[in-house]
Amino acid sequence: MDSAGHNDPLAVLYRLHHQLRVLSPVLTVAPGRPETKAMLDGLAETVSEAAGLLSTAEPAALAALRQAFDHARAGRGNEATSELITAYGRLSVLLRKDAPRRDSTDEPTVRWRSKF
């Protein structure tokens with residue numbers, strides 16, 4: 001594995017998750033900007049890198065990403081954003097399963113008192 005984590009499957013999925021989180025609002029507010037196109041190109045590279053893993057672990061997210069690229073090429077920014085958000089949500093659930101909740105048995109209980 002190199003220093004950027006390009007050979008680690010989870011690192012690729014976390015990078016993809018981050019790109020989706022950033023790109024969705026950018027595509028909404030600045031759809032025609034050159035920076036947005038560059039971000040879409042970077043996302044396409046990451047999706048290509050993660051395609052094998054996504055096809056096994058989360059095929060619906062991969063399908064949503066492919067639809068997003070089709071919509072983006074056709075100039076349908078709202079539809080592309082919607083598909084990116086769908087992929088982000090599905091990927092969020094997948095990654096949440098990777099990071100189990102920490103054990104809270106030794107944490108103190110917090111009691112909330114009403115002011116009424």
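How are α2 and α3 oriented to each other, roughly parallel or roughly antiparallel? I took this as my opening entry, keeping in mind that the model is predicted.

**Entry on orientation.** I looked up the axes and found that helix α2, residues 34-57, packs with helix α3, residues 59-73, at an angle of about 150°, the axes being 8 Å apart. Since angles over 145 degrees count as roughly antiparallel, I noted that α2 and α3 are therefore roughly antiparallel to each other. I also checked the handedness, and the crossing in which α2 passes α3 is left-handed.

**Entry on the contact.** I then listed the residues that meet: α2 brings Leu40, Leu43, Ala44, Val47, Ala51, Leu54, Ser55, Thr56 and Ala57, while α3 brings Pro59, Leu62, Leu65, Arg66, Phe69 and Ala72. Sorting the residues of this contact by character, I recorded 12 nonpolar, 2 polar and 1 charged.

**Entry on the whole chain.** Stepping back from the pair, I noted that the chain has 4 helices and 0 strands, and that from the N terminus on its elements run α-α-α-α. I looked up how contacts are spread along the sequence, and among those between residues at least 6 apart, 59% join residues at least 24 apart.

**Entry on burial and surface.** Of the 116 residues in the chain, I found that 30% are buried. For the accessible surface of the chain I wrote down about 8,100 Å², with 55% of that area belonging to carbon and sulfur atoms.

How values were computed:
Residues are numbered from 1 along each chain as its sequence is written. This is a predicted model: local features need pLDDT of at least 70, side-chain atom pairs count only at pLDDT 80 or more; totals for chains, interfaces and linings use all residues. Side-chain values use heavy atoms; hydrogens and water are left out. Axes are lines fitted to C-alpha atoms, for helices over the stretch in contact, and angles run from 0 to 180 degrees between N-to-C directions. Helices (H or I, at least four residues) and strands (E, at least two) are DSSP runs, numbered from the N terminus. Angles under 35 degrees count as roughly parallel, over 145 as roughly antiparallel, 65 to 115 as roughly perpendicular and the rest as oblique. A crossing is left-handed if the near helix is turned anticlockwise from the far one by less than a right angle, and right-handed if clockwise. Contact means heavy atoms within 4.5 Å. Ala, Val, Leu, Ile, Met, Phe, Trp, Tyr, Cys and Pro count as nonpolar, Asp, Glu, Lys and Arg as charged, and the others, Gly among them, as polar. Buried means under 20% relative accessible area, exposed over 50%, partly exposed in between (1.4 Å probe, protein chains only). Accessible areas come from the Shrake-Rupley method with a 1.4 Å probe; for residues, only the protein chains shown count as cover.
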